[in-house]
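Good morning, everyone. Please put the structure up on the screen. I'll go through one sheet and what packs around it.

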Amino acid sequence: MTPAPVLDMRRLRADGVTWAQVQRLIASGAYVPVFRSVLVRRALLDDPEVRAAAVRAVLPPGGAVCRDTAAWLHGIDVRAPGLHLRPPRLQCVVPPGTARVRRPGLQCWLAALTDEDVRDIGGVPATTPVRTALDLARYAPRYLGLAAVDAYTRQLVELGHLVRRARELSGARNIARARLVLELCDPAAESAGESWLRLRLFEAGLPRPEAQISIRDGGREVYRLDMGYREARVAVEYDGEAHHHMTAAQQTVDEHRRADLHRRFGWHVIGVHRGDVLGRRNDLERTVAGLIGHTGVLLARQEW
């Protein structure tokens, strides 16, 4: 018999399954615990229908999932580094006048949502991509909110739609914060790391870099740079762990590519990693400022 894609641990316990048996099931690697009380088959963790079934098992009556959980259902995960390796917390809203549900592993807020704000996903009420992107821009730390908005505008919604919706929410809590995130948004960003990197340069007071610069030879694109400054021929690229630092061969490819860009096209390309962007040192900002000839005052690095 095919193993069930989703198991409710509370139901298992009610049916007489012991806690030790549940732990052995998790230890086998076949199932992953989600939302503290649900098990999902590891092989199906990215299946949208299975994700929805996991949420249905624990969503409070009358609630709609929001923020990180809604983004997870939409197929977008822009949580802080390390957290993407685990399923998200269950985050939901319930209508005003309803008692907020309080239990471990659940974050619940009171919010009035219109029909325009909610969509059914696999039988689960969830905030729409537009509402979810705006909520993350309003409430998530700025670097995570920007990565979320970049991802949503690249895949699911138009930036103009978000701007208009933000205007309609004039006076709403944290909406000014969301508007700044929308001003910084760039749908061309291809990863959360690129979004964080662009924000670092902005917060230092440096000019906004151009995204996805195409380097062409005889009309044919030979390279594409994450972001940079054309006049100075300076580019900055975010080197994620999976594609740039897992093996020595990956690092060698990057070195040869950047050497070729410098030799043939005159571009100076800086490769940065997570520690350069999320750490406390501002070597990145000072290096970029020197290479592009920025003479203004560099602002102190903000803590994320």
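First, a term: two strands pair if DSSP finds at least two bridges between them. Helices (H or I, at least four residues) and strands (E, at least two) are DSSP runs, numbered from the N terminus. Now the source. This is a predicted model: local features need pLDDT of at least 70, side-chain atom pairs count only at pLDDT 80 or more, and totals for chains, interfaces and linings use all residues. Residues are numbered from 1 along each chain as its sequence is written, and side-chain values use heavy atoms, with hydrogens and water left out.

Now the sheet. It is open, with four strands in the order 9-10-11-12 and mixed pairing. Strand 9 (210–217) and strand 12 (268–272) are the edges, each pairing on one side only. On average, neighbouring strands are turned by 45 degrees against each other, direction ignored. Axes here are lines fitted to C-alpha atoms, for helices over the stretch in contact, and angles run from 0 to 180 degrees between N-to-C directions.

Let's walk across. Strand 9 and strand 10 are antiparallel, with seven bridges. R216 stands opposite E221 there. Their hairpin has two residues between the strands, and G218 takes a positive phi near 65 degrees.

Next pair. Strand 10 and strand 11 also run antiparallel, joined by three bridges. G228 has A235 as its bridge partner. This hairpin has four residues between the strands, and R233 in the turn has a positive phi of about 55 degrees.

Which way do strand 11 and strand 12 run, parallel or antiparallel? They run parallel, with five bridges between them. E237 stands opposite G271 in strand 12.

Now the helices. Helix 11 (residues 248–265) packs on the sheet and touches strand 9, strand 10, strand 11 and strand 12. Contact means heavy atoms within 4.5 Å. The direction of helix 11 makes about 100 degrees with that of strand 10. Helix 13 (residues 283–292) lies across strand 10, strand 11 and strand 12, at about 175 degrees to strand 12.

Last, the core. A nonpolar core is a set of buried (under 20% relative accessible area, 1.4 Å probe, protein chains only) Ala, Val, Leu, Ile, Met, Phe, Trp, Tyr and Cys residues joined through side-chain atoms within 4.5 Å. The largest has 46 residues, and L197, V236 and V272 are among those with the most contacts inside it. Helix 6 (residues 142–155) gives the most, eight residues. Beyond its neighbours within four places in sequence, L197 contacts residues including M227, V236 and V272.

Technical notes:
Buried < 20%, exposed > 50% of the residue type's maximum accessible area, 1.4 Å probe, protein only.
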